[in-house]
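Reader: I'd like to learn how to read a fold from its strands and helices. Could you walk me through one?

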Amino acid sequence: MSVGHTAVTTQPVVTCGGEGEDCGIREVLDRIGDKWSVLVVVELAQGMRRFRQLQRAVPGISQRMLTLTVRRLERDGMITRTVHPTIPPQVEYALTPMGHSLTHLVKTLADWSAEHRDAVALARRDWDELNPGSGVR
């Protein structure tokens with residue numbers, strides 16, 4: 001896999017001051033609300049994991065997407081990456097204190113999702129019956 005395909009993308013820094021500017025809040029919410037980021041944080045909340053352990057624990061994530069996700073989370077200060085000088089190199093990931101502070105919020109959201117999944121499924125079914133062919137799925 002080439003570096004060009006796994007580089008962390010950066011956005012220009014937004015300065016606050018104008019009306020309607022989000023002052024970077026959207027960028028943070030995009031990261032912590034990302035499907036893969038949430039699943040990686042949930043897994044790391046249970047303790048340090050190696051790359052392959054994370055890959056096995058997060059269903060459906062590709063090696064490339066996991067690489068991008070952990071790099072972005074590391075860049076944002078949510079996780080640490082430790083490389084042990086072995087052959088092959090052993091890499092471990094763990095939550096930082098800031099990453100740990102996110103876990104109770106993610107758990108609350110997961111609990112809410114579990115509590116309301118049946119109601120959401122019912123609402124979707126009802127909506128789909130009233131709006132056939134809408135293309136919304």
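Reader: Let's start small: which residue in β3 is the bridge partner of arginine 49?

Author: That's tyrosine 93. Before going on, some ground rules: this is a predicted model, where local features need pLDDT of at least 70, side-chain atom pairs count only at pLDDT 80 or more, and totals for chains, interfaces and linings use all residues. Residues are numbered from 1 along each chain as its sequence is written, and side-chain values use heavy atoms, with hydrogens and water left out.

Reader: And how do I read strand pairing in general, and here?

Author: Strands of a sheet pair through backbone hydrogen bonds, either parallel or antiparallel. Two strands count as paired if DSSP finds at least two bridges between them. Here β1 (residues 49-50) pairs with β3 (residues 90-95) in the antiparallel sense over two bridges. Strand β2 (residues 79-84) and β3 are also antiparallel, over six bridges; one of the pairs is threonine 82 with glutamate 92.

Reader: In what order do the three strands lie in the sheet?

Author: The order is β1-β3-β2, in an open sheet with antiparallel pairing. The edge strands, β1 and β2, each pair on one side only. Helix α2 packs on this sheet and touches β1, β2 and β3, with its direction at about 95° to that of β3.

Reader: What links β2 to β3?

Author: They form a hairpin, with five residues between them. Proline 88 sits in that loop, and the peptide bond leading to proline 88 from isoleucine 87 is cis, with omega near -5°.

Reader: How does the whole chain read along the sequence?

Author: Helices (H or I, at least four residues) and strands (E, at least two) are DSSP runs, numbered from the N terminus. The chain has five helices and three strands, in the pattern α-α-β-α-α-β-β-α.

Reader: Now helix packing. What is the angle between α2 and α4?

Author: First the idea: axes are lines fitted to C-alpha atoms, for helices over the stretch in contact, and angles run from 0 to 180 degrees between N-to-C directions. For α2 (residues 35-44) and α4 (residues 63-75) the angle is about 75°, with the axes 10 Å apart. So these two helices are roughly perpendicular (65 to 115 degrees; under 35 is roughly parallel, over 145 roughly antiparallel, the rest oblique).

Reader: Which residues meet there?

Author: Contact means heavy atoms within 4.5 Å. From α2 come Trp36, Ser37, Val40 and Val41, and they meet Met65, Leu66, Thr69, Val70 and Leu73 of α4. By class, that contact has seven nonpolar residues, two polar and no charged (nonpolar: Ala, Val, Leu, Ile, Met, Phe, Trp, Tyr, Cys and Pro; charged: Asp, Glu, Lys and Arg; polar: the others, Gly among them).

Reader: And how do α2 and α5 pack?

Author: Their angle is about 105°, and the axes of α2 and α5 (residues 97-130) are 10 Å apart, so α2 and α5 are roughly perpendicular. Val38, Val41 and Val42 of α2 make the contact with Gly99, Leu102, Thr103 and Val106 of α5. Five residues of this contact are nonpolar, two are polar and none is charged.

Reader: Last one: what share of the chain counts as buried?

Author: Buried means under 20% relative accessible area, exposed over 50%, and partly exposed in between (1.4 Å probe, protein chains only). Of the 137 residues, 21% count as buried.
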